[in-house]
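Here are my comments on the two-chain model you sent round. They are numbered so that you can reply point by point.

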Amino acid sequence: MERIDTYPTQKYKGFNLRPGRPIPFGATIIPGGINFSIFSSHATGCELVLFKKREPRPFATIPFPDAFRIGNVFTMIVFDLDYENIEYGYHMDGPFDLQQGHRFDKHKVLMDPYAKVIGGRDVWGEEPDWDDIYQHRARIVFDDFDWQGDKPLEVPMEDLIIYEMHVRGFTCHRSSGVKHPGTFAGIREKIPYLKKLGVNCIEIMPVHEFDEFENSRPSPVSGEKLMNYWGYSNVGFFAPKAGYAATGRFGMQVDELKATIKDLHRNGIEVILDVVFNHTAEGNEDGPYISYRGVDNKTYYILTPDGYFYNFSGCGNTLNCNNPIVRGMILDCLRYWASAYHIDGFRFDLASILGRDQNGAPMNSPPLIESLAFDPILGKCKLIAEAWDAGGLYQVGSFPGWGRWAEWNGKYRDDIRKFLKGEVGLLGAMGQRIQGSPDLYRWHESGACTSVNFITCHDGFTLKDLVSYNGKHNEANGEDNRDGNNDNDSWNCGWEGETEDVEINRLRRKQMKNAISILLVSRGVPMLLSGDEMGNTQFGNNNAYCQDNEISWLDWDNQKKNKEIFNFVKGMIAFRKSHSVLRNKTYFQDRDPEDCGYPEISWHGIKAWDADWSDSSRTIAFMFCGKKAKQGKSNDDFIYTAINMDWNMHSFELPAIPEQLKWYVVVNTDVEPPEDIWCAGEEKAIENQFEVLVGPRSVMVLIGKKLK
Amino acid sequence: MELKVDKQNNVTVIEIAGDLDGASAETAQNEISKHIISDCSLVFNMEKCTFISSAGLRVLLMSAKHIKRENGKGALSGLSSDIKDVMEMTGFDHIFNNYDSLSKAIDAIKKEK
């Protein structure tokens with residue numbers, strides 16, 4: 001039966017209209033027309049501005065009659081619009097009073113904060129018309145899709161192996177061999193590769209619409225244009241980046257991204273989005289009017305008492321996340337991505353900002369973070385915090401998570417890096433990090449799964465660069481090498497940068513393997529940086545946010561050149577997946593309900609059962625008891641790992657294991673392939689079951705299993 | 001967009017010429033629906049189709065679902081490589097089999113059980 005409210009009630013300059021429905025916000029296709037709805041707590045008037053697609057001037061401006069306003073929501077149905085060929089924006093009238101935090105300008109065309117598709121940057125890097133009065137254009141989309149039974153995978157957190165990647169950088173290089181480089185479709189073409197590698201989750205750097213031309217400038221080194229390549233600067237929160245879709249020029253980015261997600265799911269790979277709710281692309285007082293500052297500045301941003309923008313994000317402004325209206329928008333946004341796109345989880349950039357109140361002060365129980373933790377639609381989504389911000393809050397281990405939030409464990413990265421390069425005084429910290437950082441997360445319900453372990457991520461050196469450079473080399477960014485982190489805890493192994501020296505290169509390969517081994521035998525959730533599995537370099541640049549070129553793009557030729565590293569990473573991933581004892585999520589408990597005589601984790605050193613915890617120690621070994629896999633519900637092999645970060649070889653006495661079991665070598669980073677890693681069932685038996693020689697700066701992993 | 005309907009060898013052939021987009025989607029959908037009857041056999045001849053937008057792809061998808069409901073059979077013929085590519089990238093390539101030529105599409109649909 002047809003609804004009785006789907007007929008026009010009035011006309012305006014040839015347009016058929018009627019009062020709209022305030023919920024949902026945004027532009028929604030309904031039978032016969034489009035329902036427009038936008039809120040502003042402080043606007044005094046609003047006009048809908050309609051453009052034909054890509055036309056410089058609007059073809060209609062329709063004021064919202066006062067009768068169409070409900071509370072602070074302007075809402076209207078316009079009938080008979082060709083939804084595919086129009087773009088819409090708003091004029092908002094109201095006070096311009098900086099003291100009061102208002103910046104209304106009724107002449108600016110403003111994008112809908114709830115726009116589901118945004119035009120204006122349809123093809124990556126295609127220079128826009130800078131005189132255009134409406135740079136980022138809201139469009140209308142059907143949000144249906146033929147999912148064919150797909151749903152988010154809900155892979156248990158403890159089983160995840162995350163692969164952090166950049167949509168464009170992943171396949172943009174000519175060596176990628178894909179049909180549509182640098183796009184969602186390109187990722188889809190590389191699914192067989194991801195499966196071969198063995199990861200079961202990709203975490204993609206921001207895919208919400210952003211402006212790659214924001215702050216673009218020529219490079220002082222190459223002269224080529226520096227771009228906003230990483231995209232940590234949202235134009236719109238609900239729309240996928242058009243320039244990341246091969247079909248963006250046709251406005252089909254929504255379907256292309258959904259088809260990619262569907263295919264990833266079909267292949268057992270989850271998708272986590274890196275979301276940026278800490279600021280917008282509108283920048284500071286001198287920034288452009290895109291949407292929020294013109295729609296309702298005082299609501300959307302945290303302002304100083306005299307009306308300036310607080311800058312806790314380091315990017316000019318700070319989204320007012322704990323204003324109830326903005327909180328609602330963030331919740332709407334994540335629910336939309338989870339339900340309409342089947343997204344499996346979110347990683348929140350500078351998440352500590354989400355816990356600041358409307359004056360910028362950190363809160364004990366931030367309502368936004370709590371709402372997300374308990375939201376029914378997000379109930380099975382992974383929520384991962386980057387638990388710090390640019391305003392000085394550092395909450396690794398203290399981020400309020402309600403048992404639902406995991407954290408990027410920055411301390412894991414720092415401690416492992418230091419230990420890898422041979423620093424001393426880290427044994428205690430290493431013990432914590434390997435167990436999933438109980439010192440940080442013991443009181444969290446999700447235990448070790450709270451800790452997302454990583455040694456490298458997009459922000460900083462790649463793994464190859466971590467072992468090839470002592471210092472950052474960011475000259476190409478045009479800031480005299482001032483930008484980027486100075487505390488890299490990196491070691492170049494004896495020469496700064498690329499070298500032909502055989503011994504140095506051998507040591508570098510070994511250090512990469514050491515890092516990967518430790519990461520994949522640690523409790524918690526491992527995260528790899530895309531490209532590290534093939535020794536990708538950024539030539540020492542540790543902050544490649546603006547480098548849309550070969551500095552950032554993954555060079556697929558490395559897969560052949562560094563086959564040794566690729567095979568090793570692939571082997572370690574397979575090893576982790578086949579041993580559930582590595583993935584226990586509860587922390588060590590001093591109990592033995594299985595009555596097997598072994599603790600769940602035991603610590604060793606040069607001598608069995610006697611780890612050297614002293615300040616000068618560079619060796620540590622540990623053993624996971626196979627009978628305690630999956631909290632004692634499963635039976636696995638015993639796994640013993642010896643880490644020797646000393647520059648001398650050491651003999652490690654092996655702990656005795658039950659008689660029917662024997663020690664086999666899985667990993668020895670000190671030897672050349674193919675003996676550096678052995679695949680399941682082919683592990684190398686060792687003659688001497690009482691001790692192993694662990695080479696200088698090397699890792700050995702053994703399993704104790706029944707004799708073949 | 002222009003729609004021509006023809007009967008060949010007991011198969012209904014619907015030729016879609018020009019752009020199938022938001023402006024023409026509703027008309028196309030209504031017209032196509034008329035030919036989806038119980039146990040029908042339909043081939044969409046796309047040789048002269050120059051562009052399919054998101055709304056156009058939804059017309060094909062809705063038609064496919066309608067045909068299935070009526071226990072009928074459907075196929076596409078003569079898609080340009082560009083359109084085929086777009087359908088693949090946007091996940092609409094599974095809805096019908098596509099054949100190089102109309103005669104191949106008709107043969108295939110007749111053999112289909």
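**Notes on the predicted model**

1. A:Lys382 is buried, at a relative accessible area of 6%. Keep in mind that this is a predicted model. The partner of A:Lys382 is A:Glu270, and the closest N and O atoms of this salt bridge are 2.9 Å apart. A:Glu270 is also buried, because its relative accessibility is 0% and the cut-off for buried is under 20%. A:Glu270 sits in strand 18 (residues 270-275) of chain A and A:Lys382 in strand 20 (residues 382-385) of chain A, so the bridge ties together parts that lie 112 residues apart in sequence.

2. A second salt bridge in chain A joins the side chains of A:Arg139 and A:Glu87, at 2.8 Å from N to O. This pair also links distant parts of the chain: A:Arg139 belongs to strand 13 (residues 137-139) of chain A and A:Glu87 to strand 9 of chain A, 52 residues apart. A:Arg139 is buried, with a relative accessible area of 5%, and A:Glu87 counts as buried at 0% relative accessibility.

3. Are the partners in the salt bridge of A:Glu675 buried or partly exposed? A:Glu675 is partly exposed, at 36% relative accessible area, and its partner A:Lys684 is partly exposed at 37%. The closest N and O atoms of A:Glu675 and A:Lys684 are 3.7 Å apart. Elsewhere, salt bridges that share partners connect A:Arg54, A:Glu87, A:Asp122, A:Asp132, A:Arg137 and A:Arg139 in one network. Over all chains the count comes to 46 salt bridges.

4. Helix 5 (residues 292-300) of chain A is mostly covered, with 8 of its 9 residues buried. Those buried residues are A:Tyr292, A:Arg293, A:Gly294, A:Val295, A:Asp296, A:Asn297, A:Thr299 and A:Tyr300. What covers them includes strand 4 (33-39), strand 9 (86-93), strand 11 (102-103) and helix 6 (324-340) of chain A. Strand 9 thus comes up again here, having already appeared as the place of A:Glu87.

5. How many residues does each chain bring to the contact between chain A and chain B? There are 20 from chain A and 21 from chain B. The area buried between the two chains is about 1,600 Å², and carbon and sulfur atoms give 55% of it. On the side of chain A, the residues that lose the most area to chain B are A:Glu84, A:Asp146 and A:Met252, which together make up 32% of what that side buries.

6. Between chain A and chain B the count is 4 salt bridges. One of them joins the side chains of A:Asp255 and B:Arg58, at 3.1 Å from N to O. Across this interface 11 residue pairs are in polar contact, with both residues at pLDDT 80 or more. Helix 2 (184-189) and helix 4 (253-266) of chain A are the elements that give two or more residues to the side of chain A that touches chain B. Helix 4 of chain A gives the most, with 4 residues. By type, the residues on that side divide into 8 nonpolar, 3 polar and 9 charged.

7. B:Ser53 deserves a look from the other side of the interface. B:Ser53 lies in the loop between strand 4 (49-52) and helix 2 of chain B, and is buried at a relative accessible area of 4%. Leaving out residues up to four places away in sequence, B:Ser53 touches A:Glu84 and A:Met252, as well as B:Leu20, B:Asp21 and B:Gly22. The two chain A residues in this set are among those that lose the most area to chain B.

8. B:His66 is in helix 2 (residues 54-69) of chain B. At 17% relative accessibility B:His66 counts as buried, because the cut-off is under 20%. Apart from residues up to four places away in sequence, B:His66 touches B:Ser33 and B:Ile36.

9. Chain B as a whole has 4 helices and 6 strands, arranged along the sequence as β-β-α-β-β-α-β-α-β-α. The radius of gyration of chain B is 13 Å, close to the 13 Å that the globule rule gives for 113 residues, so chain B is as compact as a globular protein of that length. The C-alpha trace of chain B spans about 30 × 25 × 25 Å along its principal axes. Of the 113 residues, 52% count as buried. Among contacts in chain B between residues at least 6 apart in sequence, 69% join residues at least 24 apart.

Terms used
Residues numbered from 1 in each chain as written. Chains lettered and ligands numbered in written order. Predicted model: local features only at pLDDT ≥ 70, side-chain atom pairs only at ≥ 80, totals over all residues. Heavy atoms only, no water. Contact = heavy atoms within 4.5 Å. Buried area = accessible area lost by both parts, 1.4 Å probe. Polar contact = N/O pair within 3.5 Å; in protein donor to acceptor, adjacent residues only side chain to side chain. Nonpolar A, V, L, I, M, F, W, Y, C, P; charged D, E, K, R; others polar. Rg over C-alpha atoms; globule rule 2.2 N^0.38 Å. Buried < 20%, exposed > 50% of the residue type's maximum accessible area, 1.4 Å probe, protein only.
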